[in-house]
Structures are given as structure tokens and as C-alpha cells.
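User: Please take a close look at the aromatic pairs in this structure. I am a first-year student, so give the cut-offs as you go.

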Amino acid sequence: MKVESVRGMRDILPEETPLWQKLEAEIRAAFALYGYREIRVPLVERVELFSRGVGEETEVVDKQMYVFPDRKGLPLALRPEATASVVRAYVEHGLHAKGDLAKLYYLGAMFRYEKPQLGRQRQFHQYGVEAIGSLDPALDAEVMDLAWHLMERLALRREGLLLRLNSIGCRDDRPVYREALQGYFAARVGDLCPECRRRLETNPLRILDCKEEGCRALARSAPRSVDHLCPGCRQHFADVQAHLADLGLAHEFDPTLVRGLDYYTRTVFELCSRDLGAQDALLGGGRYDDLVELLGGPPTPAVGFAGGMERLVIVLSAQQGAEGASAPALDLYLVPIGDDARREGAKLLAAVRRSGLSVDTDYMGRSLRKAMQVAGRTARYAAILGPDELARGEIKLKNLATGEEKAVRLPQFAADPHTLIR
Ligand SMILES: [Zn+2]
Ligand SMILES: [Zn+2]
């Protein structure tokens with residue numbers, strides 16, 4: 001019986017992995033330039049980390065999270081995002097005790113039970129940064145500058161990028177804003193979806209990111225969070241915008257932007273591509289100044305962002321398609337003819353690999369002609385070892401791009417293949 005993969009859980013095949021590796025390398029390089037260090041957190045966490053951290057009323061936790069009991073009945077979740085895990089680790093390992101700004105980044109698989117479509121899987125991959133320990137508005141701007149820099153490294157045009165920005169205020173601003181939203185939506189309750197009628201009591205802010213058309217229409221004229229900021233948050237937002245201007249980062253103020261997770265405070269932002277359709281963000285983030293405390297640490301402000309790798313892979317593969325085929329994967333392909341050559345060849349393979357060149361050979365009993373075809377597809381050079389070459393103590397090297405051939409002494413080839421195949 002054939003066993004198939006689970007819906008929304010996709011294999012990334014060898015044809016695709018070079019793109020993923022390139023993307024991961026660019027992300028790591030960009031994050032390192034800004035002083036971030038990698039943290040690797042588990043795929044599985046206790047359910048309450050997300051119900052408390054991300055919010056019970058969010059779509060992510062309420063509808064999309066994979067939840068299951070382990071064999072002793074402990075309720076666990078596959079992580080739907082990584083910020084809560086990073087903050088848990090920050091608190092658990094006492095990173096705050098060092099008294100410094102912790103700049104942490106991650107890459108990895110996340111899980112959400114969504115309808116699978118192009119660029120959206122149930123197991124998907126995110127990259128993100130978390131800067132924990134400072135309320136400095138210059139840090140908000142630096143995090144957004146990093147987001148821009150990363151996209152520019154990936155050859156997205158600066159003019160094609162759109163930074164959407166809002167401030168949703170601190171927890172002291174929230175009750176007043178919440179009341180304003182409740183008043184506004186309560187007067188229009190008939191136009192809300194059933195879900196949002198419930199949210200009206202529990203978490204009216206979440207109505208602003210409901211996907212239903214009726215709710216969206218109402219949300220567009222709803223009271224704005226920026227009109228309900230305390231003087232501190234108002235100043236912080238003004239400072240963030242001034243720092244963005246200093247950095248030459250154009251942004252668009254978007255009063256409807258709230259992000260779908262409860263932990264956000266003050267700054268929220270999304271970086272979108274005009275080329276891909278600005279309604280789908282490449283990445284999003286903001287401040288979460290209460291999350292460390294909420295998860296048991298001391299009051300500690302923080303800011304970060306996360307983005308989906310799948311979207312970037314689509315962007316990069318479109319670019320690479322335009323650039324044409326990539327270089328062969330192997331440096332060398334060894335074609336032995338006859339049993340003696342095969343045995344001698346096995347020793348050569350081991351030596352060449354230890355010298356740092358990639359080399360492979362035929363294990364399928366192919367003819368010389370067929371083996372040369374494989375070499376042509378996969379390698380830059382073919383190394384042909386037949387009875388005649390063996391008798392002379394030589395091996396024949398063929399440049400598969402130019403067709404040029406030369407005979408090389410076997411000891412020289414084994415000792416220093418690099419200089420021979422440049
Ligand atoms: Zn405030
Ligand atoms: Zn709704």
C-alpha cells in the first residue's frame with residue numbers, strides 16, 4: 001500500500017533545495033550584519049504558551065493550532081509561530097539577567113491548520129528576529145531597516161517595497177480603545193459575522209482582522225488606535241517615524257493594521273511587495289512590550305518581525321528562471337571501464353573527495369556511452385579510467401563544457417586534483 005504525505009505537509013525535493021539553501025544563507029548573513037545570533041527552539045511546546053502568549057481569541061490559536069495530548073495526557077502544541085517560544089527561552093534561561101539587549105534570530109518549520117494553497121502550507125517555514133530589552137524607537141526603525149535590507153539582498157527592488165505602519169498603543173491605552181471599538185461595533189452588530197459578534201465581548205480588536213467582507217467594510221471606518229494613544233506612545237510613534245525618515249525608509253501609515261496576534265503593543269508594521277500584490281505581506285512584526293512579563297519574566301520591552309520562506313522561494317525561483325539553468329552540481333564524474341579500473345577508481349574517489357572536490361561514479365552498470373551522458377548532465381569534468389589508461393598509469397580528464405581532453409598521471413591526479421580541473 002502506498003502511504004502518502006499529509007495534506008499541507010510538503011516535501012521539498014532536491015531540485016528545490018539549492019534555492020532554500022541560498023535563501024537561508026542570505027537570511028543568516030543579513031541577520032548577522034545587524035548583530036543577531038541564532039536560537040533554536042523546539043517544534044513542540046505546552047499549549048498554554050500560545051494560548052497565553054499569542055492569545056486565545058486569535059485565529060492562529062483558536063482555529064489553526066495543532067493541539068494533541070502526549071502519552072501522559074499533557075496538552076502540547078506544534079508551534080504556530082516562534083516569538084512566544086523565543087521569549088519563553090529568554091525567560092527560562094535568564095537571558096534578561098545579563099542586562100543587555102538580546103538580539104536573537106530563528107529559522108524553521110511552523111504549523112497551522114489552514115487551507116493549503118500556493119505559498120501556504122500547513123507545515124511552513126519562517127525566519128524572524130527578536131530584539132528583547134529596549135524601548136528605544138531607534139531600535140524599531142533598525143528592525144524595519146533590517147527587513148528592507150534583507151529584501152534588497154534578495155534583489156527585490158526598493159521601489160517595489162511598501163512598508164505599512166501603525167501604532168496600537170500600550171496596555172494602558174487598550175481599555176479606552178477597546179471601549180471605543182465596542183461602542184462602534186455594538187451599534188452595527190447586525191453587520192458583523194457570528195464570530196465577530198462573540199469577539200465584540202471578548203476581544204473587539206480582533207474584529208479588525210476578520211476576513212469576512214462585512215466586517216472588513218465596518219473595520220475601515222472604525223475608531224483608530226492612533227487616536228487613543230497616551231502621550232508616551234504618541235511620542236514613541238512620532239520618534240519611530242522620524243528615525244525611518246532619517247534612514248530613508250518610506251512608509252505608509254495604515255490605521256487598520258493591527259496584526260493577528262494579541263501580544264503586539266505600540267509599533268506594528270508589514271513589509272509588502274507591490275509586485276506580488278500589496279495585500280500579502282512578505283513579513284510583519286512590531287513591538288511586544290508585555291510578552292516577557294506575561295510569560296513570567298521581568299517587565300521587558302521587545303520588538304521583532306517574522307516572514308514566510310515559501311513566499312520568498314516563489315520570488316527567487318521566478319528570478320532564477322529568468323537567469324537560466326544553474327551550474328552542474330558535481331566537479332567530477334568518474335567513468336571506469338572494466339573491473340580493474342572500477343577497483344582503482346574506488347580508491348581515487350575516496351582520495352578526490354578528501355581533497356575537497358565533489359565526485360561521483362556509476363553504480364548502475366552503464367555502458368561507456370551512457371555513463372558519459374550522465375557525466376554531461378551532472379558534472380563539469382569526466383575522468384575516464386579504462387584498461388589502456390590503467391596500463392600507462394594515467395587517467396583521462398575531459399572538460400565537459402569545452403570537450404577538451406588531457407591525460408594525467410594517476411599519482412598526480414590523486415594528490416592534487418584541484419589544479420587539474422580548474
Ligand atoms: Zn500608551
Ligand atoms: Zn467577522
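Analyst: What follows describes two aromatic pairs and a cluster. This is a predicted model, in which local features need pLDDT of at least 70 and side-chain atom pairs count only at pLDDT 80 or more, while totals for chains, interfaces and linings use all residues. Residues are numbered from 1 along each chain as its sequence is written, and side-chain values use heavy atoms, with hydrogens and water left out.

Rings of Phe, Tyr and Trp (its six-membered ring) pair if their centres lie within 6.5 Å; planes under 30 degrees apart are called stacked, over 60 edge-to-face, and the rest tilted. Across the whole structure there are nine aromatic pairs. One of them joins Phe31 and Phe305, edge-to-face, with 6.2 Å from centre to centre and 65 degrees between the planes. Phe31 belongs to helix α1 (residues 17-33) and Phe305 to strand β11 (residues 302-308), 274 residues apart. Helices (H or I, at least four residues) and strands (E, at least two) are DSSP runs, numbered from the N terminus. Phe31 is buried at 0% relative accessible area, and Phe305 is buried at 2%. Buried means under 20% relative accessible area, exposed over 50%, and partly exposed in between (1.4 Å probe, protein chains only).

Tyr263 and Tyr288 also pair: their ring centres are 5.7 Å apart and their planes are at 65 degrees, so this pair is edge-to-face. Tyr263 sits in the loop between β8 (252-253) and β9 (265-273), and Tyr288 in the loop between β10 (281-287) and α10 (291-294), so the pair ties together parts 25 residues apart in sequence. Tyr263 is buried at 5% relative accessibility, and Tyr288 is buried at 1%.

Finally, Phe31 and Phe305 belong to one aromatic cluster with Tyr36, Tyr105 and Tyr127.

Notes
Chains lettered and ligands numbered in written order.
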